[in-house]
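Here's a set of exercises to work through with the model open in your viewer. Try each task yourself before you read the solution.

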Amino acid sequence: MKIKRRGRPTYTDDFKQQMVTLYQLGKTRSKLVLQYQLMLSALDRGITKYSTTDSFKLKIIEALKIMSY
């Protein structure tokens with residue numbers, strides 16, 4: 001009997017940005033990995049990629065403003 005191996009998961013850019021936003025709003029990496037069944041390395045790459053751009057920081061600020069209403 002052959003065991004089927006799962007393929008490498010792929011995540012959309014929008015999903016990655018949402019995960020980074022949750023991380024920056026205080027959710028721990030371990031909770032995100034468990035809740036959304038992510039690969040830790042993918043989350044870390046997303047955090048590195050999306051945390052360093054100014055436009056992404058502006059989106060975070062706008063999201064926080066909307067959430068505070």
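**Exercise 1: the overall layout**

In what order do the elements of the protein chain run from the N terminus on?

Solution. Keep in mind that you're looking at a predicted model. Walk along the chain from the N terminus and you read off α-α-α-α. The tally agrees: four helices and zero strands. Next, look at burial: of the 69 residues in the protein chain, 23% count as buried. As for the surface, the chain exposes about 5,900 Å², and carbon and sulfur atoms supply 57% of that. Finally, check the contacts with a separation of 6 or more: residues 24 or more positions apart account for 57% of them.

**Exercise 2: salt bridges**

Find the salt bridges in the whole structure, and work out for each where its partners sit.

Solution. A search of the whole structure turns up two salt bridges.

Step 1. Start with K16 and D13, whose closest N and O atoms are 4.0 Å apart. That's right on the limit, because a salt bridge needs a side-chain nitrogen of Lys or Arg within 4 Å of a carboxyl oxygen of Asp or Glu. Both residues belong to helix α1 (residues 13-24), and being three residues apart there, they are separated by about one helical turn. K16 is partly exposed, at a relative accessible area of 28%. D13 is partly exposed too, at 43%.

Step 2. Now for R29 and D44: here the closest N and O atoms are 2.9 Å apart. R29 lies in helix α2 (residues 29-36) and D44 in helix α3 (residues 40-51), so this pair ties together parts that are 15 residues apart in sequence. R29 is partly exposed, with a relative accessible area of 33%, and D44 is partly exposed at 28%.

**Exercise 3: the enclosed space**

Which residues line the largest cavity?

Solution. Rolling a probe the size of a water molecule over the atoms shows where empty space is left.

Step 1. Search the whole structure and you get one cavity of 30 Å³ or more. The largest cavity holds about 80 Å³ of space.

Step 2. Its lining is made up of Y11, F15, K16, M19, V20, L38, A42, L43, G46 and I47. The elements giving two or more residues to this lining are α1 and α3.

Step 3. Sort the lining of the largest cavity by type: eight nonpolar, one polar and one charged.

**Exercise 4: the open space**

Which element gives the most to the lining of the largest pocket?

Solution. Step 1. Size it up: the largest pocket has a volume of about 230 Å³.

Step 2. List the lining of this pocket: R8, P9, T10, Y11, K16, M39, S41, A42, R45, G46 and K49. With five residues, α3 gives the most.

Step 3. By type, the lining of the largest pocket splits into four nonpolar, three polar and four charged.

**Exercise 5: a glycine in a helix**

Is G46 buried or exposed?

Solution. Step 1. Place the residue: G46 sits in helix α3.

Step 2. Its relative accessible area is 5%, and G46 is buried.

Step 3. See what is around it. The C-alpha atoms of G46 and K16 are 5.9 Å apart, although their positions lie 30 residues apart along the chain. Leave aside neighbours within four places in sequence, and G46 is in contact with V20 and S51.

**Exercise 6: a valine in a helix**

Which residues does V33 touch, not counting those up to four places away in sequence?

Solution. Step 1. V33 is part of helix α2, and it's buried, with a relative accessible area of 19%. That comes in just below the cut-off, because buried means under 20%.

Step 2. Beyond its sequence neighbours, V33 touches L38, L40 and L43.

Step 3. For a distance across to another part of the chain, take M19: its C-alpha atom is 9.5 Å from that of V33, with the two 14 residues apart along the chain.

**Exercise 7: an unusual backbone angle**

Where is Q37 placed, and what is its phi?

Solution. Most residues other than glycine have a negative phi. Q37 isn't a glycine, yet its phi is positive, about 50°. You'll find Q37 in the loop between α2 and α3. Q37 is exposed, with a relative accessible area of 66%.

Definitions and conventions:
Residues are numbered from 1 along each chain as its sequence is written. This is a predicted model: local features need pLDDT of at least 70, side-chain atom pairs count only at pLDDT 80 or more; totals for chains, interfaces and linings use all residues. Side-chain values use heavy atoms; hydrogens and water are left out. Buried means under 20% relative accessible area, exposed over 50%, partly exposed in between (1.4 Å probe, protein chains only). Contact means heavy atoms within 4.5 Å. Accessible areas come from the Shrake-Rupley method with a 1.4 Å probe; for residues, only the protein chains shown count as cover. On a 1 Å grid over the protein atoms alone, a cavity is a set of points where a 1.4 Å probe fits but cannot get out, and a pocket is an open set with protein on both sides within 12 Å along at least five of seven lines; lining residues have an atom within 4 Å of a point. Grid points are joined across faces, edges and corners, and a volume is the space filled by probe spheres set on the points. Ala, Val, Leu, Ile, Met, Phe, Trp, Tyr, Cys and Pro count as nonpolar, Asp, Glu, Lys and Arg as charged, and the others, Gly among them, as polar.
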